[in-house]
Amino acid sequence: MIFVTGGAGFIGSNFVLASLAQGEESVINFDKLTYAGNLNNLLSVQQDSRHIFVQGDICDTAQVAALLAEYQPRAIVHFAAESHVDRSIYGPGEFIQTNINGTFSLLEAARAYWSGLPKAQQEAFRFLHVSTDEVYGSLEKDDAPFTEQHVYAPNSPYSASKAASDHLVRAYHHTYGLPTLTTNCSNNYGPYHFPEKLIPLMINNALAGKSLPIYGDGQQVRDWLYVGDHCAAIHRVLAQGKLGETYNIGGWNEKTNLEVVHALCDLLDQMAPKATGSYRSQITTVQDRPGHDRRYAIDAKKIQSELGWMPVETFETGLRKTVQWYLDNQAWVQAVQSGAYLEWIAHNYQQRGHKE
Ligand code: NAD
Ligand code: DAU
């Protein structure tokens, strides 16, 4: 059995579904169900007795400790976090609480549980911490991509809080011998992506006839990885990763934001054409994100050479699958566009001088 935190969010739910699809092992899915947590992502495993959902906060060490004692998992895979950079700029408090204090609480519960295990189970136990490439800061145009040795230089409250959590995980391995693994991944996209993030926001806005708001000049570069490939990489690190190590995960797929939005518009023009003209005509520029990192790029050679992991999807195949998923799952999209979602969209984009 594995204990997953944040398994009702975007990547966590994809990971839970993939785990249940590929083996007999049960999953305890521990999630606070913040605005980003969505049980609709898990409807297909609602009746599966191997999926045990428990609502709770990783900051609650006692609740986590009780669950670990009850279920005796062989691993913890830690996704739970506040994950949206723009929200961290408007309100950093929750990011400090969940990403730093929450990871600390979880590590404490894990350490107590692991210390009490019989030797064989202790040796088999793993704590896998899911982190981000944003901890490394921003690259210049011609800089080499981030390796695992790159200096930490986080620039937003989100990335600073994730960097702090990475350091805590490292310290728990170094000091207490907790068998940890850390992964630092680039931008994910795919099914169940909450539509506050670039790709699902653009698909939704395009289909709704709204404008497509590009921050600043749209020349910021991100590396994009299909979420299924990220989940496969996490499974690989969990199975074969070397204790205490970190693994960078990426798609070898750098794109400017404008290139991404153009690609989405072109796909939508083919797959859901408008009565007249292209979706590209809906593109508009808005005020930039404060402190906006210019470029991220991942050197994923270590995970490839040591663990044999490579992404399966290209950007073209992954993006087409993603657009198709959103076209096929409009009920899911409508359901997440609650009052709280609309409030955030109004708050974020009005401040950028954006009118729909
Ligand atoms: P998400 O925002 O979609 O989901 C986060 C989940 O965590 C939600 O289900 C939420 O309810 C839950 N959660 C939040 N606070 C909690 C708490 N205190 N206790 C328990 N559960 C809580 O995030 P995501 O995009 O799926 O990202 C998952 C992880 O992967 C994060 O740690 C993020 O930093 C990391 N990551 C994300 C990306 C990306 O592109 N989205 C890339 C690299 C790394
Ligand atoms: O790099 C990994 C990170 O990727 C993860 O750690 C984060 O959890 C995840 O949210 C993501 O962060 P980004 O800030 O890169 O993702 P976002 O989708 O918010 O933005 C992607 C780029 O698009 C970024 O340069 C900002 C820009 N953008 C975003 C939005 C929402 C726009 O131009 N317009 C928008 O409306």
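I began with the small sheet and found that it is open, has 3 strands in the order β7-β9-β11 and shows mixed pairing, where strands are DSSP runs of E with at least two residues and helices are runs of H or I with at least four, both numbered from the N terminus, and where two strands pair if DSSP finds at least two bridges between them. At its edges I noted β7 (187–189) and β11 (254–256), each with a single partner strand, so one side of each is left without a neighbour in the sheet. Neighbouring strands here are turned by 50 degrees against each other on average, direction ignored.

I note for the record that this is a predicted model, in which local features need pLDDT of at least 70 and side-chain atom pairs count only at pLDDT 80 or more, while totals for chains, interfaces and linings use all residues. Residues are numbered from 1 along each chain as its sequence is written, chains are lettered from A and ligands numbered from 1 in the order in which they are written, and side-chain values use heavy atoms, with hydrogens and water left out.

I then followed β7 to β9 (residues 221–226), to which 3 bridges join it in a parallel run, and saw that Asn187 stands opposite Trp224 in β9. Helix α9 (residues 257–271) lies across β9 and β11, at about 85 degrees to β11; contact means heavy atoms within 4.5 Å, and axes are lines fitted to C-alpha atoms, for helices over the stretch in contact, with angles from 0 to 180 degrees between N-to-C directions.

Next I looked up the other sheet, which is open and formed by 7 strands with parallel pairing, in the order β3-β2-β1-β4-β5-β6-β10. Its edge strands are β3 (51–55) and β10 (246–249), each pairing on one side only, and the twist averages 20 degrees from one strand to the next. Within this sheet I checked β1 (residues 2–5), which 4 bridges join to the parallel strand β2 (residues 27–31), and I recorded Asn29 in β2 as the bridge partner of Val4.

I turned to ligand 1, which 28 residues surround, the closest being Ile11, Asp31, Ser83, Tyr158 and Lys162; a residue is near if one of its heavy atoms lies within 4 Å. For polar contacts with a ligand I used pairs of N or O atoms within 3.5 Å, and found an oxygen atom of ligand 1 at 2.7 Å from an N or O atom in the side chain of Ser83, and one at 3.0 Å from a polar backbone atom of Thr34. The protein covers 96% of the 840 Å² of accessible area that ligand 1 has on its own, by the Shrake-Rupley method with a 1.4 Å probe. β5 gives the most to this shell, with 3 residues.

Around ligand 2 I found 23 residues, of which Asp133, Tyr158, Arg289, His292 and Tyr349 come nearest. An oxygen atom of ligand 2 is 2.6 Å from a side-chain N or O atom of Tyr158, while for His292 the corresponding distance is 2.7 Å and for Arg222 it is 2.9 Å. Taken alone, ligand 2 exposes 690 Å², and the protein buries 95% of that. In its shell, α7 (198–207) and β8 (212–215) each supply at least two residues, and β8 gives the most, with 3 residues.

How values were computed:
A polar contact is a pair of N or O atoms within 3.5 Å; within protein, one must be able to donate a hydrogen and the other to accept it, and residues adjacent in sequence count only if both atoms are side-chain atoms.
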